[in-house]
Amino acid sequence: MFDVRFFVEAFVTMFVIMDPPGVIPLFLAYTGGRTPVERRRIAWQAAVTAFCLIVVFAVFGQAILRYLHVEVAAMQIAGGLLLLLVALELLRGTTEPQAGSVKSNVNVALVPLGTPLLAGPGAIVATIVFAQQAETVNGGILALGLAIASVHVVLWLFMRFSVSIIRVIKENGVELVTRIAGLLLAALAVQLIITAIRALVAEA
């Protein structure tokens, strides 16, 4: 068994950070002019690339922090600030690709879709923080693993069916979901900072 609350917390946080609905217009922009078959291939390649990067940081992220002598609270505060910046970008709608940044001769599934758009700094920081917390939660490692896998399956589904989804909810729907995601992420970021400060005060 695993902690359902921890699973939900990790899943929601990763979902909000990686923002599957918000990925749709970006995915369509970077795969413009590609055939449906190529889009399907890019969709699963991007999801697998992001998943592998997130897993690597979930497994080895703590060892990196120990090597750098970085405390958990410091990582939580840094992560909270970074997530807050990501949230502000979502709220302001400044996550669109720059003009002329799309090149047809590169594998966009790896860069920029796989990283840094999907497995970006915010997702990596959140993964490291959750991996640290998972060690103190009953079944936390299993819960985190399932949360990471579930989010990437959702990401793949949104990219795989991006054309159909955007026909249903339209661009305004994507914008609305993105703004709501930004608000939720801002609240999670502030809570992460508050929790870290409380931990530092308790240790003092």
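**Reasoning from values to words**

Mentor: Leaving aside its neighbours within four places in sequence, Thr13 is in contact with Ala126, Phe130 and Leu188. Please keep in mind throughout that this is a predicted model.

Trainee: What makes Thr13 buried or exposed?

Mentor: Thr13, which lies in helix H1, has a relative accessible area of 6%, and since buried means under 20%, the word that applies to Thr13 is buried.

Trainee: How do you know which word fits Thr49, buried or exposed?

Mentor: The relative accessible area of Thr49, a residue of helix H3, is 17%; the limit for buried is under 20%, and therefore Thr49 is called buried as well. Setting aside residues within four places in sequence, Thr49 is in contact with Ala109, Leu110 and Gly114.

Trainee: Why is the pair of Arg5 and Glu9 called a salt bridge?

Mentor: The closest N and O atoms of Arg5 and Glu9 are 3.0 Å apart, and because a salt bridge asks for a side-chain nitrogen of Lys or Arg within 4 Å of a carboxyl oxygen of Asp or Glu, the pair of Arg5 and Glu9 qualifies. A search of the whole structure finds one salt bridge.

Trainee: Where do Arg5 and Glu9 stand with respect to each other in helix H1?

Mentor: They are four residues apart in H1, which covers residues 4–18, and this means that about one helical turn separates them.

Trainee: What makes Arg5 exposed, and what makes Glu9 partly exposed?

Mentor: Exposed means over 50%, and Arg5, with a relative accessible area of 52%, is therefore exposed. Glu9, at 34% relative accessibility, counts as partly exposed, because that term covers the values between under 20% and over 50%.

Trainee: How do you know that H2 is mostly covered?

Mentor: Nine of the eleven residues of H2 are buried, among them Pro20, Val23, Phe27 and Tyr30. What covers the buried residues of H2 includes H1, H3, H5, H7 and H8.

Trainee: Which residues have the most contacts inside the largest nonpolar core?

Mentor: That core has 51 residues, and those with the most contacts inside it are Met18, Phe27, Ile54, Leu118, Leu144 and Met159. The largest share of this core, nine residues, comes from H6. Beyond residues up to four places away in sequence, Met18 touches a set of residues including Ile54, Leu118 and Leu155.

Trainee: What is notable about the phi of Asp19, and is Asp19 buried or exposed?

Mentor: The phi of Asp19 is positive, at about 50 degrees, although Asp19 is not a glycine. Asp19 lies in the loop between H1 and H2, and its relative accessibility is 5%, so with buried meaning under 20%, Asp19 counts as buried.

Trainee: What about His69, is that residue buried or exposed?

Mentor: His69 also has a positive phi without being a glycine, of about 60 degrees, and its place is in the loop between H3 and H4. The relative accessible area of His69 is 72%, and because exposed means over 50%, His69 is called exposed.

Trainee: Which residues are closest to the centre of the second largest pocket?

Mentor: The second largest pocket has a volume of about 280 Å³, and of the 16 residues that line it, the closest to its centre are Glu9, Val129, Phe130, Gln133 and Leu192. By class, the lining of this pocket has eight nonpolar, six polar and two charged residues.

Key:
Residues numbered from 1 in each chain as written. Predicted model: local features only at pLDDT ≥ 70, side-chain atom pairs only at ≥ 80, totals over all residues. Heavy atoms only, no water. Helix = DSSP H or I, 4+ residues; strand = E, 2+ residues; numbered from the N terminus. Buried < 20%, exposed > 50% of the residue type's maximum accessible area, 1.4 Å probe, protein only. Core = buried A, V, L, I, M, F, W, Y, C linked by side-chain atoms within 4.5 Å. Contact = heavy atoms within 4.5 Å. 1 Å grid on protein atoms, 1.4 Å probe; cavity = no way out; pocket = protein on both sides within 12 Å on 5 of 7 lines; lining within 4 Å. Points joined across faces, edges and corners; volume = space filled by probe spheres on them. Nonpolar A, V, L, I, M, F, W, Y, C, P; charged D, E, K, R; others polar.
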